[in-house]
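Biologist: Please take a close look at the largest nonpolar core of this model. Which residues have the most contacts inside it?

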Amino acid sequence: MQDNRPITLITGAGSGLGLESALYLARREFRVYGCVLTAAEEKNLCEQAARRGVQVHALRMDVTRRADIDRAVDAIIGDVGRIDAVVHFAGMGLRGFFEDLSMDEIRQLYDVNVFGIMELTQAVLPHMRRQGSGRILITSSAAGRMGSMSIAGYSSGKFAVEGLGECLHQEMRLFGIHVSLLEPGLVYTPHFGINRNRARRALDPNGPYYFWFCQHEAIVDKLLAKNKFTSADIAKVVHKILTARRPKLRYMVGFKPKLLMALRSVMPGEIFERIYFGLVRRMVTSPRDPADGLTGLDAGTGHARAAEAHGLLTEIRK
């Protein structure tokens with residue numbers, strides 16, 4: 001019997017935004033194939049699905065391996081004969097001032113966050129073209145629209161997929177395929193916890209950027225603590241995009257990033273940059289309540305060194 005439910009492949013379904021979206025869609029009559037990286041993620045996905053009383057078909061996939069991608073796509077086509085939607089959530093973070101990032105760390109991030117999206121998209125497009133329909137949802141970020149210190153590697157990758165999304169949006173409309181970009185602001189997920197992925201050199205208390213990095217991380221943590229958006233909110237937007245009659249190219253999620261982009265669109269660029277970038281720079285270099293080190297599982301050491309660096313930098317600025 002033909003399955004008339006939307007056949008949806010979601011990467012990064014083992015945790016965070018991908019997991020929540022997979023469960024949300026499955027509850028709303030989507031046939032969901034959730035791609036996970038490890039056995040632990042597969043177990044978590046299956047347990048969460050059982051707990052909510054929904055069915056999600058788990059597939060193992062490393063988006064940096066074309067053989068994994070082809071195997072997963074072939075399995076879905078062999079199972080139901082089509083793929084109606086692909087939602088790209090698989091990704092990783094990389095935090096640290098640019099000079100502290102190694103090229104190996106940057107390449108690893110691009111392999112997952114950029115080339116992984118490209119590889120999987122190329123693998124599914126022939127099937128969608130033959131169908132004459134399909135939806136591709138690329139998870140970008142507010143950081144793909146506006147850069148910030150300490151996320152040069154991550155933000156540049158998101159800028160890359162923004163360009164990819166714009167091009168695909170135009171090209172794929174020729175075949176009845178809709179491409180959209182999801183641009184969340186800060187949402188607390190494992191991305192900011194066990195998967196925070198701070199650059200190795202950024203953890204060195206003797207590094208030239210260590211104090212500033214500590215302050216910027218503290219600012220991010222405070223914003224996350226105040227943030228009201230959750231993974232469930234993102235899942236609702238994903239559902240909206242996949243069910244919209246005419247989906248838009250971009251969907252930004254979060255009041256603050258929407259406000260900043262609105263201000264940037266109406267203010268002359270140099271004025272916005274002087275005001276906003278200057279404010280962030282002052283918060284990082286001259287904090288009212290300086291952080292004395294990094295927090296989190298990969299915090300490292302060096303609280304005393306951070307305080308010492310703050311005193312030295314204050315003297316230099318005088």
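Modeller: The answer below goes from the core as a whole to two of its residues. The model is predicted, with local features requiring pLDDT of at least 70 and side-chain atom pairs pLDDT 80 or more, while totals for chains, interfaces and linings use all residues. Residues are numbered from 1 along each chain as its sequence is written, and side-chain values use heavy atoms, leaving out hydrogens and water.

A nonpolar core is here a set of buried Ala, Val, Leu, Ile, Met, Phe, Trp, Tyr and Cys residues joined through side-chain atoms within 4.5 Å; buried means under 20% relative accessible area, with a 1.4 Å probe and protein chains only. The largest such core has 47 residues, and Leu120 and Ile138 have the most contacts inside it. Two or more residues each come from β1 (7–10), β2 (31–36), α3 (66–80), α4 (103–131), β5 (134–139), α5 (152–172), β6 (177–184) and α6 (210–226). These are DSSP runs numbered from the N terminus, helices being H or I of at least four residues and strands E of at least two. Helix α4 supplies the largest share, 10 residues.

Contact means heavy atoms within 4.5 Å. Leaving aside residues up to four places away in sequence, Leu120 touches Leu9, Thr11, Met61, Ile69, Val73, Val86 and His88. A separate core of 29 residues lies apart from the largest one and includes Ile10, Leu17, Leu19 and Val237.

Ile69 belongs to helix α3 and counts as buried because its relative accessibility is 0%. With the same sequence neighbours excluded, Ile69 touches Met61, Asp62, Val63, Gly116, Glu119, Leu120 and Ala123. Its C-alpha atom is separated by 7.7 Å from that of Glu119, 50 residues apart along the chain.

Conventions:
Buried < 20%, exposed > 50% of the residue type's maximum accessible area, 1.4 Å probe, protein only.
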